[in-house]
Amino acid sequence: MNKSTHFSGQPIFSQLLKLLDKGKISSIAKAQRSDHYYKKFKTYEHLVTMMFACLSNCVTLRELSTSMMACEGRLNHMGIDYTPKRSTISDGNKNRSSKVFEAIYQSLYKKYGFFLSDSGNTDKLPKGLKLADSTTIGLFKEILKTSGRKRIDGKQKGGIKAHTVIDADRRAPSFIHFTSAATHDTCLLDELKLEEGDFICFDKAYIDYKRFYKWADQGISMVTRMKDNAVYKSLEELDIPDKCDDRIIKDEIVTVQTENDSTKPVSLKLRRVAFYDKTKDKVYVFICNNLDVEAEVIANIYKRRWYIETYFRKLKQNFPLKYFLGDNQNAIEIQIWVSHIVMLLIEVLNKRVTRKWAFSNMVSMLSTHIMSYIDAVKFLNNPEKAWSEKRKENIGAKQLNLKFSSA
C-alpha cells in the first residue's frame with residue numbers, strides 16, 4: 001500500500017476543480033438560463049470539458065473527445081459521468097452564450113482576488129491603481145475584422161481583441177471586453193465604470209484629452225505617455241527634489257487644448273514628466289491629469305503598466321490560443337474565458353505553494369500530470385522528495401513480492 005503523503009486519492013485536475021464552487025456555478029447558470037433546453041452537457045460539464053482541453057493542450061474536438069474517453073474511468077473525479085461527443089461540444093460552444101463563462105470568471109475573481117495580491121510590490125503606487133491594455137489574438141479565418149493590409153490574393157484572416165483591465169496589486173484581470181481586432185483601443189474607455197479616487201494607467205493608444213478633462217472634474221486620475229507630435233504649452237517647470245530618482249530629468253505643468261461635452265474649447269492642465277532610461281538610452285515622457293502626484297510616482301506607475309504585458313505573454317505562451325474549438329465568435333470567446341479561468345486557478349494554487357515556480361514551468365508540470373494521483377501542493381513544494389519516496393516504495397514492494405514468491 002502507498003504510504004507516501006505526496007500521493008493523493010484524486011488526480012491533479014480534480015484538485016484544481018475543487019477550487020470551483022459547483023453550487024455557485026449552478027446558480028449562475030440558472031440566472032443566465034444557460035442550461036435551458038439542455039438535457040445533458042450542463043454548464044458545469046461544459047466548463048470542465050473546456051478546462052481539460054486547455055490544460056491538456058487539445059487543439060481539435062476529436063483530440064479532446066478521445067483524450068477524455070481515455071480517462072473515462074476517472075471522470076467521476078471531475079464531477080461528470082460521461083464523455084461528451086464532438087458534436088455535443090461543438091454545439092455547446094456555438095449555442096451556449098460566453099456570458100455565463102464571463103460570470104463564472106468574475107465570481108472566481110471576487111472569491112480569490114484578495115488572495116492573488118502581489119505583496120512583492122515595493123514601488124510607491126496609489127491605492128487601487130488599474131492597468132489597461134489590449135491584446136490581439138489572430139484567428140484562422142475571417143470571423144472578425146482585423147487591421148492591416150490584405151494579402152496579395154485578397155484574403156485576410158480575422159482577429160479578436162481582448163481589452164483588459166488588471167488591478168496593479170492582483171495577478172488576474174478584473175475586466176475584459178472583446179471586439180474585432182480592427183476596433184480602436186479607446187472603445188475600452190467607454191466600457192469602464194470608474195469612480196472618484198480611481199487611478200488608471202495605459203499607453204498612448206488611449207489618449208483622449210476630452211475624456212481626461214472630464215475625468216479631472218470627476219476626481220479620476222490617469223497616467224499615460226505623451227505622443228511625440230503632441231501640441232502643448234508649458235506653464236511652470238517644477239523643481240526636482242534631490243532625493244528624487246535621478247532618471248527624472250524634467251517635471252512641469254503644461255496645458256493642451258481640447259473641448260468639453262458642449263464642444264466648447266477648454267484648456268486641460270497636465271503634469272508632464274520626462275524620464276531617461278539609461279539601459280535603452282531613451283527619454284520617455286509621461287502625462288498625468290493629477291497635478292499633486294510626485295514625479296517619481298508617475299514614473300513608477302507607468303513602469304508597473306508592463307505587468308499587464310507580462311500577463312498577456314503568460315496567457316499566449318501557456319494556453320492553445322492559436323487553435324480554437326469552434327469557428328464562430330461565441331466559441332472563441334468561451335475558449336478565451338476558460339483560459340483566464342484556468343490561469344486564475346493556477347495562480348491560486350501557486351500562492352499555496354511555498355516553493356517558487358515560474359508560471360510556465362508550473363503549467364507544464366500540471367499538464368504532464370493532469371490525471372496523476374498526486375497531492376498537487378505537496379508535490380510542487382518538493383517534487384524530488386516525492387518521486388524519491390515513490391521509488392523506494394516500488395523497490396520495497398518488488399522485494400516483498402520476490403520474498404513471497406521464493407517462499
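Let's start with a salt bridge between Asp-35 and Arg-96, whose closest N and O atoms sit 3.3 Å apart. This pair connects distant parts of the chain, 61 residues apart. Asp-35 belongs to the loop between helix H2 (22-32) and helix H3 (43-56), while Arg-96 belongs to the loop between helix H5 (86-95) and helix H6 (99-112). How exposed or buried are the two partners? Asp-35 is partly exposed, because its relative accessible area is 24% and the buried class stops under 20%. Arg-96 is buried, since its relative accessible area is just 1%. Keep in mind that what you're looking at is a predicted model.

As a bit of background, side chains of opposite charge can pair when their charged atoms come close. In this structure there are 15 salt bridges, and a few others are worth a visit. Asp-246 forms one with Lys-278, and here the closest N and O atoms are 3.6 Å apart. These two also come from distant parts of the chain: Asp-246 is in the loop between E6 and E7, Lys-278 is in the loop between E8 and E9, and 32 residues separate them. Both Asp-246 and Lys-278 are exposed.

Now compare Asp-251 and Arg-271, another salt bridge, with its closest N and O atoms 2.7 Å apart. Asp-251 is in strand E7 and Arg-271 is in strand E8, so this pair ties together parts that lie 20 residues apart in sequence. Asp-251 and Arg-271 are both buried. Elsewhere, Asp-133, Arg-305 and Glu-309 are joined into one network by salt bridges that share partners.

Those strands bring us to the sheet. Generally speaking, strands of a sheet pair through backbone hydrogen bonds, either parallel or antiparallel. Here, 9 strands make an open sheet with mixed pairing, and if you walk across it you meet them in the order E3-E2-E1-E4-E5-E9-E8-E7-E6. Which strands are at the edges? They are strand E3 (173-180) and E6, each of which pairs on one side only. From one strand to the next, the twist averages 25°.

Let's step inward from the E6 edge. Strand E6 (residues 233-237) pairs with strand E7 (residues 248-259) in the antiparallel sense, over 4 bridges. Along this pairing, Glu-236 stands opposite Ile-253 in E7, and Glu-237 stands opposite Glu-252 in E7. Move on from E7 and you reach strand E8 (residues 265-277), which runs antiparallel to E7 and is joined to E7 by 11 bridges. Here Val-254 stands opposite Leu-270 in E8. E7 and E8 form a hairpin, with 5 residues between the two strands. Have a look at Thr-263 in that turn: its phi is positive, at about 60°.

E8 also takes us to the last stop, the largest pocket, which holds about 330 Å³ of space. Its lining is made up of 16 residues, and Phe-275, Asp-277, Tyr-284, Lys-303 and Trp-306 are the ones nearest its centre. The elements giving two or more residues to this lining are E8, strand E9 (282-288) and helix H9 (295-304). Which element supplies the largest share? That's H9, with 5 residues. Sorted by class, the lining of the largest pocket has 8 charged residues, 7 nonpolar ones and 1 polar one.

Technical notes: Residues numbered from 1 in each chain as written. Predicted model: local features only at pLDDT ≥ 70, side-chain atom pairs only at ≥ 80, totals over all residues. Heavy atoms only, no water. Pairing = 2+ DSSP bridges. 1 Å grid on protein atoms, 1.4 Å probe; cavity = no way out; pocket = protein on both sides within 12 Å on 5 of 7 lines; lining within 4 Å. Points joined across faces, edges and corners; volume = space filled by probe spheres on them. Nonpolar A, V, L, I, M, F, W, Y, C, P; charged D, E, K, R; others polar. Salt bridge = Lys/Arg side-chain N within 4 Å of Asp/Glu carboxyl O. Buried < 20%, exposed > 50% of the residue type's maximum accessible area, 1.4 Å probe, protein only. Axes fitted to C-alpha atoms, helices over the stretch in contact; angles between N-to-C directions.
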